[in-house]
Amino acid sequence: MTRRAKKGLALAILFQFLVLVGMYLKAQVPLWTGEEILVKTIPVDPRSMFRGNYARLQYPFSELDASLFGEHELRQGEVVYIALEETKSGVYRLAGAGLEPPEEGLFLRGRVSGSWFRDSGEAYRVRYGIEAFFAPKEEALWLEKVLRKAAHARLKITGNGHARLVAVEAPAPR
């Protein structure tokens with residue numbers, strides 16, 4: 001192998017390594033710098049034979065009414081932003097939605113993954129990158145029971161709306 005080929009191979013390996021490091025860092029930034037909040041989850045079947053101990057999560061803001069976006073018809077893959085507000089119980093909920101990030105307050109950045117018509121009009125399904133939770137087997141079995149009733153997801157959100165799922169918890173008894 002020539003010296004030039006070795007140098008090219010080393011650069012290719014370095015480039016691949018840097019891409020992997022960049023992907024890792026992008027995924028970790030919300031955990032390092034994000035503000036922690038609590039949101040309500042909607043029960044979804046938490047089992048997957050192919051992905052292992054995995055729970056699929058859905059949130060009240062996973063399905064958005066088209067009227068939130070005015071006359072603009074959203075396309076699949078389009079970026080949307082939802083503003084969040086804290087309730088008296090400390091759980092955050094949808095406060096509004098739009099195509100631009102809100103000027104102030106906490107918000108999530110998501111992508112439209114589909115649309116359909118329901119009785120109240122057109123609606124969009126939006127994904128935020130917080131729809132899957134992997135857990136050890138015992139915790140996954142506990143999640144299966146908790147998610148059937150109700151649960152809360154603990155998220156960390158960065159200033160640009162990117163979020164990471166930290167934990168899934170049973171709501172505190174009243």
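Let me start with Pro30, which is buried in this predicted model, its relative accessible area being 4%. Pro30 has its place in helix H1, and if you look for a residue distant in sequence to set beside it, take Val166: the two are 136 residues apart along the chain, while their C-alpha atoms are 9.9 Å apart in space.

Pro30 also belongs to the lining of the second largest pocket, so let me stay with that pocket for a moment. Its volume comes to about 260 Å³. Which residues line the second largest pocket? From the helix side you will find Lys26, Ala27 and Pro30, and the list continues with Arg109, Gly110 and Arg111, then Arg127, Tyr128 and Gly129, and finally His162, Ala163 and Arg164. As for the elements that contribute, H1, strand S6, which covers 107-118, and S10 each supply at least two residues of this lining. In terms of character, the lining residues divide into 4 nonpolar, 3 polar and 5 charged.

Helix H1 itself spans residues 3-33, and Leu14 lies within it. Leu14 is partly exposed, with a relative accessible area of 44%, and it takes part in a nonpolar surface patch of about 880 Å². The other members of that patch are Leu11, Phe17, Leu18, Val21, Tyr24, Leu25, Val29 and Trp32.

Trp32, which we have just met in the patch, gives me a way across to Phe134, a residue of strand S8, residues 132-134. Phe134 and Trp32 are 102 residues apart in sequence, and their C-alpha atoms are 19 Å apart in space. Phe134 is partly exposed, at a relative accessible area of 46%.

Let me turn now to the salt bridges, of which the count comes to 4; I will go through three that I would like you to look at on the screen. Arg125 forms one with Glu63, where the closest N and O atoms are 2.7 Å apart. What does this pair tie together? Arg125 lies in strand S7, residues 121-127, and Glu63 in strand S3, residues 63-65, so the pair links parts that are 62 residues apart in sequence. Both partners are partly exposed, with Arg125 at 21% relative accessibility and Glu63 at 26%.

A further salt bridge joins the side chains of Arg154 and Glu169, at 2.7 Å from N to O. Here Arg154 lies in strand S9, residues 151-157, and Glu169 in strand S10, residues 163-169, so that this pair ties together parts 15 residues apart in sequence. Arg154 counts as partly exposed at 23% relative accessibility, and Glu169 is likewise partly exposed, with a relative accessible area of 25%.

The remaining pair I want to show is Glu78 with Arg75, whose closest N and O atoms are 3.7 Å apart. Is Glu78 buried or exposed? At 13% relative accessibility Glu78 counts as buried, because the cut-off for that term is under 20%. Its partner Arg75, by contrast, is exposed, with a relative accessible area of 54%.

To finish, I would like to place two more residues, beginning with Ala55 in strand S2, which runs over residues 54-56. Ala55 is buried, its relative accessible area being 2%. Measuring from C-alpha to C-alpha, Ala55 and Ala10 are 40 Å apart in space and 45 residues apart in sequence.The other residue is Glu100, found in the loop between strand S5, which covers 91-98, and S6. Glu100 counts as exposed at 62% relative accessibility. Between Glu100 and Ile82 the separation is 18 residues in sequence and 9.1 Å in space, again from C-alpha to C-alpha.

Key. Residues numbered from 1 in each chain as written. Predicted model: local features only at pLDDT ≥ 70, side-chain atom pairs only at ≥ 80, totals over all residues. Heavy atoms only, no water. Patch = residues over 30% accessible without salt bridge, like charges linked within 9 Å, V, L, I, M, F, W, Y side chains within 5 Å. Areas by Shrake-Rupley, 256 points an atom, 1.4 Å probe, with all protein chains shown as cover. Helix = DSSP H or I, 4+ residues; strand = E, 2+ residues; numbered from the N terminus. Buried < 20%, exposed > 50% of the residue type's maximum accessible area, 1.4 Å probe, protein only. 1 Å grid on protein atoms, 1.4 Å probe; cavity = no way out; pocket = protein on both sides within 12 Å on 5 of 7 lines; lining within 4 Å. Points joined across faces, edges and corners; volume = space filled by probe spheres on them. Nonpolar A, V, L, I, M, F, W, Y, C, P; charged D, E, K, R; others polar.
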